[in-house]
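Biologist: Please take a close look at the charged side chains of this chain, and at the salt bridges in particular. Which of them are buried, and what do they link?

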Amino acid sequence: MQTKSMVRFTGVGQAVLCIGILLSTAHVAAGSEEIDCAGGLAAWGGPREFDEVHGEDLGRYPPDRLVDVRHVKLELTFDDLLSKSFSGSETYTVRAIAPGVTSIVLNAVDLSIERVEAIDSPAVTFDYDDERLVLEFAEPLPTDRDSSVRIDYRCVNPEQGLHYYLPDERQPQRVPQVHSQGQTEHNRHWFPCHDSPNERSTTEMIVTVPSRFRALSNGRLLDKRVDGEHTTYHWRQDVPHVAYLVTLVIGEFGMVSDTWRGIPLTYYGRPGEEDDIRRAYVRTPEIMEFFSQYFGVPYPYARYDQIGVENFGSGGMENTTATTMYSGVPLDERAAMDHTSDGLIAHEMAHQWYGDLLTCKSWAHLWLNEGFATFCADLWKEHHEGADEHSYAKWRKYRGVARADRTESPDAVIFGDYEDAWDTFRHKGGLPYSKGSSILHMLRHELGEEVFAKGLQQYTRTFQASEVETDDFRKVMEAVAGRSLRQFFEQWTLRPGIPRLKVAYRWDHETKTAIVDVEQTQPIDRPTPAFAVPLDLYFRTDHRETRVTMQLERRHEVLRYRFDSAPNLFCIDPDGGLLKALEVHKSRPMWLTQLAQGPTVAARCEAAVNLADQNRPEVIEALTHTVSNEHEFWGVRSEAASALGQMQSSPAREALIVLADPANRIEHPKVRRYVVNALSSYPHAAVTPILIAYATSDASYAVEAAATSALGDAVGQGVTATLLANTEKHSYRDAIRTAAVRALGKRGEPEGIDACMAVAAYGQPDRTRPAAIRALGELGEEDSDRTRIREFLLPMLDDPERRPRRAAIAALGALADPDAIDALGRLRDGSALEEYRDAAEAAIKRIRSDQEESEAVGSLGRELEDLRTLRDELEQRIEELESADQGDGDPTSADQVVEE
């Protein structure tokens, strides 16, 4: 993976090795400035953003830390949640880092700053421009003691950071709720702060709310005091953390209590759902115990809460000691058949170490938060569910990264040239999550479990309660492993892309040698040389298994390995040691053997995928047998079903129909779902009744939802009626209704409009509404329907819920109705949020593009009509000529026609 070394052999027996270097490529020296991880341009992952006119560096850098923020104390009073406002008083305690500091700058957006006074500091004045609060001191702040100021302010209806879920005239029954969401730099909208991850402090939250509500925040609950109609909660977080992790949640909750090593754990959700809450969070203590042992640092805080809130923007947010979760986490008994909340719970809990206790110093190094949390959730899966689940999850992750990450992209995992901090989360399909975790999987495989775990523990202990960059992690792992990892980190974190390997296998009968030819096919040049990585190979002969590690360093390399007899099984990287894309050329019998007998789940899944384009009876039989084999791991069975769907042949379709027959019932619900998904690729009259049956009733929500979705492409009777019925069928996370409206949109039938409008209406679940709204954008084929849909969607441009509003913008663009342009233009020009402005602009461009295309098609149509008219006239004239020539024989008449 990372170091130049000879090919290593782990197999036993006589071997003859020859690495043939057929083509070479230019290499960049490891110590050159171009790829120096310790500094220089490459440390930010790709070329710099640069102002060509003025010569300005437009890269994003962490702000200065002129002071060490020691403590932030917030005292907030919410007299009436419906007013979307509160009064606040903040005590901000700092110590100057260097002499001569006479001013500090705090981020504070659209707050009403009423007063700033010195408590234990030089006299202070302030200047505020609605974005930055500048505190000016009469003399320099001392470096040997703390200084404190008090900031009194008021916050009214913030655009970001603090979100209100309130009753209104359309939904008067709603119970009010408030939750914060500070990541990335949004807490500045509700309290002044150094809103960057390169500063941390202890925090304190004293919150007064109407007594019917509970107020939750970070750390320990020091006091709860009832005073008439109001209750005051006093929370304190004693382990320093960064500003975006400060949290506040206000609402009425059902709650389940638990403990771990005497530390209180509490799970909050909707009142009345306590059984479902307990079912979802039940393994929290086990996960906490596993992580505490694996990371070498026990859970470092006084308590841990997981709080489900309404209308939450993501799955979870790792606020220190008090993770915010979306309201769909609790599981009913039927949902537990297909789903577990462990992945989300483990991800957010891992953040309590990697993200909270250790925090990326800048958003450019976000993978140190998100990649680590994603990797740790995989560790829990391996620990709790076993090696097969882990192997399958990692295999799928690698394939997802391979689809998204291209060498031609300028963006690497370390990504500093962003316009908005959120760009670091979502660039190229979430690389800090998926590729970041893959890097850790590879490092673990490369170093071995013992060394990797020791290094991770040393990193955690060394940098706890501080901010980190990638080099901090690299240097610790190098020290523990006794190896240079610079090349590993440069090629995986500072460069885009992955190795794309074209592998050809053949057996030389004369020399009894297996020959493996490997070519890296991704673009290779000076900035992106060939990857230097180890590639594990697996051979099995009649007598033994042999594992070989081939070190790739150049564009094209060849491995030759001698055996006593020809291998009947050859696999590449069966344990998932390398993130890569594979194109493998070997015989069909070897693929079939790998499907049936591959040494790992990943190897057998890889075989299923590679057999999908081999439409042969023996292949269909083997895939069918795999799907029906109850002893095979469900993921392999599912990939075999998908391969039959991709094959697009009548025999494969018939095989799936047999597999889906209730008489041959597949017990595993996930395999059943994949069979249904595979059937959906065959829009055939024989398939439709099967899909309708599964969409109507199955023990699994997920299977019903998959069949419902599949009906979007189905042919035959009863499809629309089934879909309309399923728009009224509630299920876990509303999966069935969501699938139904999407399918109706795909079908484009006007009968679906009313049903989609009902599901899209305000008051329906905020994660279901967007699917129905987007479906409406596909249903406006007729002018009358288009007008009706437009009038329904336009008010949603002011919808109080974020997801439906974004969906309405996109749906209006898809509807291609020019009469929506004015409203979209007003949103683009007037919204305070960039996401809405950008979405509105994209929708306008789409409408105009469709207009131009429609006009071009119309113009072409008119030209075609003119040509048809001319053709008709010419045909008529020719008929007249023929009639004149054959009828009365009058040459004068014929001559006249010709002249015309």
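Modeller: What follows goes through the salt bridges, then a charged residue without one, and then a few backbone details.

The model is predicted. The count of salt bridges comes to 65. One of them joins R65 and E199, with the closest N and O atoms 2.9 Å apart. This pair links distant parts of the chain, 134 residues apart: R65 is in the loop between β2 (20-23) and β3 (67-77), and E199 in the loop between β11 and β12. R65 is partly exposed, at a relative accessible area of 33%, whereas E199 is buried, at 5%.

A salt bridge also forms between D378 and K397, where the closest N and O atoms are 3.3 Å apart. D378 belongs to helix α4 (residues 367-385) and K397 to helix α5 (residues 387-404), so the pair ties together parts that are 19 residues apart in sequence. D378 has 8% relative accessibility and counts as buried; K397, at 15%, counts as buried too.

The side chains of D405 and K428 meet in a salt bridge at 2.7 Å, N to O. Here the linked parts are 23 residues apart, with D405 in the loop between α5 and α6 (423-426) and K428 in the loop between α6 and α7 (431-447). D405 is buried, with a relative accessible area of 0%, and K428 counts as buried at 17%. Elsewhere, salt bridges that share partners join R65, D68, R70, R95, D146 and E199 into one network.

E557, in strand β28 (residues 556-562), is buried but has no salt bridge. The nearest side chain of opposite charge, that of R554, is 4.7 Å away, and this is not a salt bridge because the cut-off is 4 Å. The side chain of E557 instead reaches backbone nitrogens: that of E553 at 2.5 Å and that of R554 at 2.8 Å.

On the surface, D110, D127, D129, D130, E131, E136 and E159 gather in a patch of negative charge. Among them, D127 is placed in strand β7 (residues 124-128).

Some backbone details remain. D734 has a positive phi, near 55°, although D734 is not a glycine. D734 lies in the loop between α19 (719-726) and α20 (735-747) and counts as buried at 5% relative accessibility. N311, also not a glycine, has a positive phi of about 55° and is in the loop between β19 (304-309) and β20 (316-317). The peptide bond from Q183 to T184 is cis, with omega near 5°, and T184 lies in the loop between β11 (177-180) and β12 (200-210).

Conventions. Residues numbered from 1 in each chain as written. Predicted model: local features only at pLDDT ≥ 70, side-chain atom pairs only at ≥ 80, totals over all residues. Heavy atoms only, no water. Helix = DSSP H or I, 4+ residues; strand = E, 2+ residues; numbered from the N terminus. Buried < 20%, exposed > 50% of the residue type's maximum accessible area, 1.4 Å probe, protein only. Lys, Arg positive; Asp, Glu negative; His and termini not counted. Polar contact = N/O pair within 3.5 Å; in protein donor to acceptor, adjacent residues only side chain to side chain. Patch = residues over 30% accessible without salt bridge, like charges linked within 9 Å, V, L, I, M, F, W, Y side chains within 5 Å. Areas by Shrake-Rupley, 256 points an atom, 1.4 Å probe, with all protein chains shown as cover. Charge placed at Lys NZ, Arg CZ, Asp CG, Glu CD.
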